[in-house]
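Colleague: Please take a close look at one part of this model, namely how its charged side chains pair. I should also like to see how that part fits into the rest of the chain.

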Amino acid sequence: MKGWRYMKKSSEHEIIKLVLQAQNGCIASKEKLVKNYKQLISSYVNRLPAAIEKEDAIQEGMKALLLAISHFDIEKGKEFTKFLVATVRGEVIRYSREYNLLKIPRSVYDTVKQIKDYRTQFVHAYGTFPTN
């Protein structure tokens, strides 16, 4: 998936080292991982349908990052970033399903996005929110 290589400056070895340090309680390493992968999570969330609350989904993504750091197993031979992507994707999907009690068709998401776009255009054009 494009856009998931945010720690390009760091080699996989350096990332694994940070993850292992974070698993052993190093707060600085955990903070560095969070800082470096925050943009990755925002990028993923911004691709979600408009009906999903972005801030909540980003929060779920950040929780998934911490989950990925604590559950990553170097013995399985996977790259951390790939493991993280799968974890974030799974947690955000779980969150979106949990809070949408009904299965909402894609066309409804598209309509909601159009309404939000029209509302934004209206506010920019007239300086006020639309009313009845």
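Modeller: Buried means under 20% relative accessible area, exposed means over 50%, and partly exposed lies in between (1.4 Å probe, protein chains only). This is a predicted model, in which local features need pLDDT of at least 70 and side-chain atom pairs count only at pLDDT 80 or more, while totals for chains, interfaces and linings use all residues. Residues are numbered from 1 along each chain as its sequence is written, and side-chain values use heavy atoms, with hydrogens and water left out.

The setting comes first. The chain contains five helices and zero strands (DSSP runs, numbered from the N terminus: H or I of at least four residues for helices, E of at least two for strands). Read from the N terminus, the order of elements is α-α-α-α-α. Of the 132 residues in the chain, 30% are buried.

We now turn to the charged pairs. Side chains of opposite charge can pair when their charged atoms come close. A search of the whole structure finds four salt bridges (a side-chain nitrogen of Lys or Arg within 4 Å of a carboxyl oxygen of Asp or Glu). One of them joins the side chains of arginine 94 and glutamate 60, with 3.1 Å from N to O. Because arginine 94 belongs to helix H4 and glutamate 60 to helix H3, this pair ties together parts that are 34 residues apart in sequence. The two partners can be described by their accessibility: glutamate 60 is buried, at 10% relative accessibility, whereas arginine 94 is partly exposed, at 35%.

Arginine 94 also forms a salt bridge with glutamate 91, where the closest N and O atoms are 3.2 Å apart. Both of these residues lie in helix H4, three residues apart, which is about one turn of the helix. Glutamate 91 has a relative accessible area of 22% and is therefore partly exposed.

A further salt bridge is found in helix H5 (residues 106-126), where aspartate 117 and lysine 113 lie four residues apart, about one turn of the helix. Their side chains meet at 3.3 Å, N to O. Aspartate 117, with a relative accessible area of 35%, is partly exposed, and lysine 113, at 43% relative accessibility, is partly exposed as well. As for shared partners, salt bridges link Glu60, Lys63, Glu91 and Arg94 into one network.

Helices H3 and H4, which hold glutamate 60 and arginine 94, also take part in the nonpolar interior. In the largest nonpolar core (buried Ala, Val, Leu, Ile, Met, Phe, Trp, Tyr and Cys residues joined through side-chain atoms within 4.5 Å) there are 25 residues, and Leu33, Tyr37, Leu65, Phe80 and Leu84 touch the most other members. At least two residues of this core come from each of helix H1 (12-23), helix H2 (27-46), helix H3 (54-71) and helix H4 (80-99).

Phenylalanine 80 is in contact (heavy atoms within 4.5 Å) with residues including Ile15, Tyr37, Leu65 and Phe72. Isoleucine 41 is placed in helix H2 and is buried, at 0% relative accessibility. The residues touched by isoleucine 41, leaving aside those up to four places away in sequence, are Ile58, Gly61, Met62, Leu65 and Val88. Isoleucine 41 and leucine 65 are 24 residues apart in sequence, and their C-alpha atoms are 8.5 Å apart in space. For the chain as a whole, residues 24 or more positions apart make up 62% of the contacts with a separation of 6 or more.
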